[in-house]
Amino acid sequence: MRRSSWAVLVAVVAAVFAMSATASVRAQPLQVVQCTGTETTTYSPGVLFQAREINLSTTGTFTSCLDATGQVISGGYGEQFTLFVGCNDLLGTFTGQRTITWNTGATSVITGSGSSTAIAGQVVTVFTGTVTQGPFRGSSVVQTITLPQLNALKCLTTGITDATGVTTLTLT
């Protein structure tokens, strides 16, 4: 073969490989999941100004999820843990795991950290991490939970026993 024929052959082979590589990249859907829902947290005994051991029970329900595959439409989680807190020191940082059970029956375990801040009469908690097990493994996670800020009068009397607010979850 002549030198110019080799150049043409190499160029054609390179073009074919480039087209097939581009097609295979486009064929894989972007793994994005976005969910909205509510979270309810109960405190026992009620949270007072005086810090003490409090048992927390958290239940989250994602009633509306959109994902690239169309399989995940809802999900939920529930956790129980104990913290030493009072009305003046509910805000802070934490680390942990959250297991979400999807409508498909599969579970994703998220490992991450979060922090809470008081903004405009609400407690906003942002939890960030990575899916370490189950569907969407390796995806980055951001969950934002917005609860009404604690009623200071209850901190002086019976204590805060529950709070319910909205939550959003994004996996990318």
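These legends accompany several close-up views of a predicted model.

**View 1. Eight strands close into a barrel.** Let's start with the overall frame: the strands follow the order β1-β2-β3-β4-β5-β6-β7-β8 in a closed barrel, and their pairing is antiparallel. From one strand to the next, the twist averages 25°.

**View 2. Strand β8 meets β1 and β7.** Here you can follow β8 along both of these pairings. Eleven bridges connect β1 and β8 in the antiparallel sense, and V47 has I160 of β8 as its bridge partner. Strand β7, residues 140–148, is joined to β8 by six bridges, and these two strands also run antiparallel. In that pairing, V141 has L171 of β8 as its bridge partner.

**View 3. Strands β3 and β4 share two bridges.** Strand β3 covers residues 75–85 and runs antiparallel to β4, with two bridges joining them. Look for G75, which stands opposite W102 in β4.

**View 4. The largest nonpolar core has 15 residues.** Which of its residues touch the most other members? They are C35, F62, I100, W102, F136, L169 and L171. Two or more residues come from each of β1 (33–47), β2 (52–67), β4 (93–102), β6 (122–133) and β8 (160–171). A second core, separate from this one, has eleven residues, including Y43, V47, C87 and L147. As background, nonpolar side chains in soluble globular proteins tend to be buried together.

**View 5. F62 and Y77 form a tilted pair, one of three aromatic pairs in the structure.** The ring centres of F62 and Y77 are 5.7 Å apart; the pair counts as tilted because the planes meet at 45°. F62 belongs to strand β2 and Y77 to strand β3, so this contact links distant parts of the chain, 15 residues apart. Both F62 and Y77 are buried.

**View 6. W102 and F136 meet edge-to-face.** Their centres are 5.7 Å apart, with 80° between the planes. Why does this pair tie together separate parts of the chain? W102 lies in strand β4 while F136 sits in the loop between β6 and β7, so the pair joins parts that are 34 residues apart in sequence. Is W102 buried or exposed? With a relative accessible area of 4%, W102 is buried, because the cut-off for buried is under 20%. F136 also counts as buried, at 13% relative accessibility.

**View 7. An arginine lies over a ring: R98 and F127.** To finish, find R98 over the face of F127, at 5.9 Å from the ring centre.

Definitions and conventions: Residues numbered from 1 in each chain as written. Predicted model: local features only at pLDDT ≥ 70, side-chain atom pairs only at ≥ 80, totals over all residues. Heavy atoms only, no water. Core = buried A, V, L, I, M, F, W, Y, C linked by side-chain atoms within 4.5 Å. Buried < 20%, exposed > 50% of the residue type's maximum accessible area, 1.4 Å probe, protein only. Helix = DSSP H or I, 4+ residues; strand = E, 2+ residues; numbered from the N terminus. Pairing = 2+ DSSP bridges. Axes fitted to C-alpha atoms, helices over the stretch in contact; angles between N-to-C directions. Phe/Tyr/Trp six-rings, centres within 6.5 Å; stacked < 30°, edge-to-face > 60°. Lys NZ or Arg CZ within 6 Å of the ring centre and 35° of its normal.
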